[in-house]
Amino acid sequence: MPGPSRPVLVVDFGAQYAQLIARRVREAQVYSEVVPHTATVDEIMAKDPAAIILSGGPASAYSPGAPGMDPALAKAGVPVFGICYGFHLLAQALGGTVEATGAREYGRTEINLLADGGVLHRELPARHQVWMSHGDSVTKAPDGAVVTATSAGAPVAAYENPAERYAGVQYHPEVLHSPHGQEVLRRFLHEIAGIRPQWTTASIVDEQVGAVREQIGDGRAICGLSGGVDSAVAAALVQRAIGDRLTCVFVDHGLLRAGERAQVERDFVAATGVNLVTVDARERFLDALAGVSDPEEKRKIIGREFIRVFEGAERDLKAQGDYRFLVQGTLYPDIVESGGGTGASTIKSHHNVGGLPEDLRFELVEPLRLLFKDEVRRVGLELGLPETIVHRQPFPGPGLGIRIIGEVTAGRLETLRAADAIAREELTAAGLDRDIWQCPVVLLADVRSVGVQGDGRTYGHPVVLRPVSSEDAMTADWTRLPYDVLERISTRITNEVAEVNRVVLDVTSKPPGTIEWE
Ligand SMILES: Nc1ncnc2c1ncn2[C@@H]1O[C@H](COP(=O)(O)OP(=O)(O)OP(=O)(O)O)[C@@H](O)[C@H]1O
Ligand SMILES: O=c1[nH]c(=O)c2[nH+]cn([C@@H]3O[C@H](COP(=O)(O)O)[C@@H](O)[C@H]3O)c2[nH]1
Ligand SMILES: NC(=O)CC[C@H](N)C(=O)O
Ligand SMILES: [Mg+2]
């Protein structure tokens, strides 16, 4: 998919927060993408950036071999903003000095404004809180720049040169613990870089509908529809672009939760009037997964089988015309986590990205591939999809297949489906659906634990509850569910699901854990 013109490029120097910086830029209604620090000046300039943001990173700017910044980038005529490590690099490139002063600041820190705060901090409180995470400091700002803030550990906590269109801050404006950070970022983008705020939900819809029309022309497309948010929004968008030359295919792979198939067949068709074909592929997936317990292998098998089913659907639809395009609801985080991002490592192969077979015959149409989930939800509402679909909790394409730790079998699926249905029922009854992002229920099929039920010994399996809160699934925290709700879920699962004699709660954030266990 062609991107919108003139992105703000976040150059990633190994920061924990590079994606977050891109999100904050988008919140300022400016389109942004992340690029690796290994990109050359030519590669960066080929994207015609409206501005460049240099991220933080673990290295020290003065160390030999530290990832550097080509000084040509600072002089390319593109506005530049440096954050932490990027602030150090930019200072160095423009004649300033960076040193380890021995003063370190980690976490909540106060800065004092100088020179009335300059453009970036104008009219903000003369002393205010920011979030720092550094051991090195700028001891001399670039020639010609004004120092606009200082802190106990950083003599130069911010500098700017609005005429030359560059600026930087030692602290992290992108995190919520810097309460004025968004305002500072906004001022860099709008006032120093002079970028007009035009990245809005309506503009995304227009742009993507146009791009899809151009890509598909008068061709036909199949859309993998899961009942989840992403594919529903992708389908609605493509439907707007090409009308009934779109046919949705829902795959019942046997790894679905209770009631899911009926819900898709009923709700989605009612909301959109789209053409829908359901394929019963339960046997095919179970056969392909027999004997496999490695998570990456499972994901690749599932990704491959999905495509085989789509190919079968295409053959069945041949009579109506040539279905050469496959629409998927792939999002930016799916790509980043599958290692297709910007030098990011492969965390897991999302079935729709890293799990695709090599001999893929379809041409992919992925109108959401640059978006985060909350942006996708807004696009869905803009397209007129009902709240019930747009605010549905995510459910991974590989389904219960990656929530059974061990081999996937029909019996284990039955067990997990029953436990999952109880957890969902109780969370909904307690009115918690909108408070949690999602709550995977995971069956530890290869683990057994001893219990006592009805005065007799049991030797069953534990299930794990994994309730999480998140904004975009890139980071997450475990949700503090009320004890009485946890108690009801635990009692019901151990009483009603024969194989399960223990319910445990996962209290790990992401990172270090991921949301799903596999
Ligand atoms: N059962 C299914 N049948 C057909 N396509 C599917 C199925 N499950 C997943 N897909 C395809 O894989 C894509 C990625 O799945 P994913 O779960 O990330 O998105 P989603 O289900 O649309 O949304 P959500 O993240 O809210 O669950 C979907 O957008 C869809 O194109
Ligand atoms: O369609 C999908 N195909 C996949 O292969 C896949 N793996 C994880 N997920 C969902 O992505 C979000 C992040 O999950 P993780 O923290 O486990 O990576 C969570 O919302 C997960 O449910 C997937 N969705
Ligand atoms: N968060 C950062 O970018 C840290 C920069 C550098 N590694 C320091 O410690 O000062
Ligand atoms: Mg899904």
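**Two ligand shells and a listed active site**

Ligand 1 sits among 20 surrounding residues, and Gly224, Ser226, Gly228, Ser231 and Gly329 are the closest. A residue counts as near a molecule if its C-beta atom, placed from the backbone, lies within 6 Å of it. This is a predicted model, where local features need pLDDT of at least 70, side-chain atom pairs count only at pLDDT 80 or more, and totals for chains, interfaces and linings use all residues. Residues are numbered from 1 along each chain as its sequence is written, while chains are lettered from A and ligands numbered from 1 in the order in which they are written.

The shell around ligand 1 breaks down into eight nonpolar, nine polar and three charged residues. Here Ala, Val, Leu, Ile, Met, Phe, Trp, Tyr, Cys and Pro count as nonpolar, Asp, Glu, Lys and Arg as charged, and the others, Gly among them, as polar. Around ligand 2 there are 16 residues, with Pro396, Gly397, Thr514, Ile515 and Glu516 coming nearest; that shell has five nonpolar, six polar and five charged residues.

As for the "active site", an unreviewed UniProt entry lists Cys84, His172 and Glu174; such annotations may be inferred rather than shown by experiment. These residues span 91 residues in sequence, yet no two of their C-alpha atoms are more than 11.3 Å apart, so they gather at one spot. His172 is buried, with 24 other C-beta atoms within 10 Å, and Glu174 is buried too, with 27. Buried means 20 or more such atoms within 10 Å of the residue's own C-beta atom, placed from the backbone; exposed means 12 or fewer, and partly exposed is in between.
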